[in-house]
Amino acid sequence: MNPVDAVRTCLTKYADFSGRAGRPEFWWFFLFEVVVTVVTYPLPDIIGILAGLALLVPALAVGARRLHDIGKSGWLQLIMLVPLVGFIILIVLWAKEGERTPNQHGAPVEPQLA
């Protein structure tokens with residue numbers, strides 16, 4: 001999955017918290033969020049706030065789908081509320097390889113070679 005397809009998929013599935021998302025889809029969208037944050041940082045605060053709010057729901061949705069891919073609940077993202085440690089735990093979980101067999105969240109994401 002290339003970066004454009006990943007961002008397009010995440011924005012198309014804006015509030016779709018069901019199903020599974022592979023590592024490329026998640027990490028390309030994560031990088032897109034970082035780039036948007038860096039680009040909007042020197043701009044007036046309202047622009048950065050609006051950009052962050054616009055990407056909040058898709059980020060939560062793709063994060064939940066990524067956790068579904070490893071067989072975990074999307075609600076596990078609430079661990080991010082634990083300062084520092086929560087985000088580190090989520091990074092580790094998001095980086096894990098997805099299950100290769102169907103789970104309660106659907107069929108496995110087909111690996112796509114770039």
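A residue counts here as buried under 20% relative accessible area, as exposed over 50%, and as partly exposed in between (1.4 Å probe, protein chains only). The structure is a predicted model, in which local features need pLDDT of at least 70 and side-chain atom pairs count only at pLDDT 80 or more, while totals for chains, interfaces and linings use all residues. Residues are numbered from 1 along each chain as its sequence is written, and side-chain values use heavy atoms, with hydrogens and water left out.

**Exercise 1. Confidence**

Task: State the mean pLDDT of the protein, and find which elements have the lowest and the highest mean pLDDT.

Solution. Begin with the scale: pLDDT is the predictor's confidence in each residue, from 0 to 100. For the protein its mean is 91, and 96% of the residues reach 70 or more. Next, turn to the elements, where helices (H or I, at least four residues) are DSSP runs numbered from the N terminus, as are strands (E, at least two). The lowest mean among them, 92, belongs to helix 1 (residues 3-12), whereas helix 4 (residues 85-95) has the highest, 95.

**Exercise 2. The course of helix 3**

Task: Compare the end-to-end reach of helix 3 with its expected span, and locate the kink in this helix.

Solution. Helix 3 runs over residues 45-69, which makes 25 residues. The expected span of a helix is 1.5 Å times one less than its number of residues; for helix 3 this gives 36 Å, and the reach from the first C-alpha to the last, 35 Å, is close to that value. The axis nevertheless bends, with a kink of about 35 degrees at Leu56, shortly before the proline Pro58; the bend at a residue is the angle between axes fitted to the seven residues ending there and the seven starting there. Finally, just after helix 3, Gly71 takes a positive phi of about 85 degrees.

**Exercise 3. Salt bridges and their surroundings**

Task: How many salt bridges does a search of the whole structure find, and which residues does the network of salt bridges link?

Solution. The criterion is a side-chain nitrogen of Lys or Arg within 4 Å of a carboxyl oxygen of Asp or Glu, and with it the search of the whole structure finds five salt bridges. One of them joins Asp5 to Arg8, with the closest N and O atoms 3.2 Å apart; because these two residues are three apart in helix 1, about one helical turn separates them, and Asp5 is partly exposed at 31% relative accessible area.

Another salt bridge joins Asp69 and Arg66 at 2.6 Å, N to O. Here too the partners are three residues apart, in helix 3, and therefore about one helical turn from each other. Asp69 counts as buried at 4% relative accessibility, and Arg66 counts as buried at 1%. The network of salt bridges links these two residues with Arg20.

A further salt bridge, between Glu97 and Arg100, has an N to O distance of 2.6 Å. Glu97 is partly exposed at 45% relative accessible area, whereas Arg100, at 67%, counts as exposed.

**Exercise 4. A nonpolar patch**

Task: Give the area of the nonpolar surface patch and name the residues that make it.

Solution. Patches are made of residues with over 30% relative accessible area and no salt bridge, like charges being joined within 9 Å and nonpolar side chains (Val, Leu, Ile, Met, Phe, Trp, Tyr) within 5 Å. The patch covers about 800 Å², an area from the Shrake-Rupley method with a 1.4 Å probe, and is made by Phe17, Leu43, Ile46, Ile47, Ile49, Leu50, Leu53, Leu56 and Leu60. Leu60 lies in helix 3 and is partly exposed, with a relative accessible area of 37%.

**Exercise 5. An uncommon phi**

Task: What is the sign of phi at Leu84, and is Leu84 buried or exposed?

Solution. Most residues other than glycine have a negative phi. Phi of Leu84, however, is positive, near 60 degrees. Leu84 belongs to the loop between helix 3 and helix 4, and is exposed, with 66% relative accessible area.

**Exercise 6. Distances in sequence and space**

Task: For Ala21 and Ala95, and for Leu11 and Val82, set the separation along the chain beside the C-alpha distance.

Solution. Ala21 sits in the loop between helix 1 and helix 2 (23-40) and is buried at 0% relative accessible area; 74 residues separate it from Ala95 in sequence, and 12 Å in space, C-alpha to C-alpha. Leu11, in helix 1, is partly exposed at 37%, and between Leu11 and Val82, 71 residues apart along the chain, the C-alpha distance is 27 Å.
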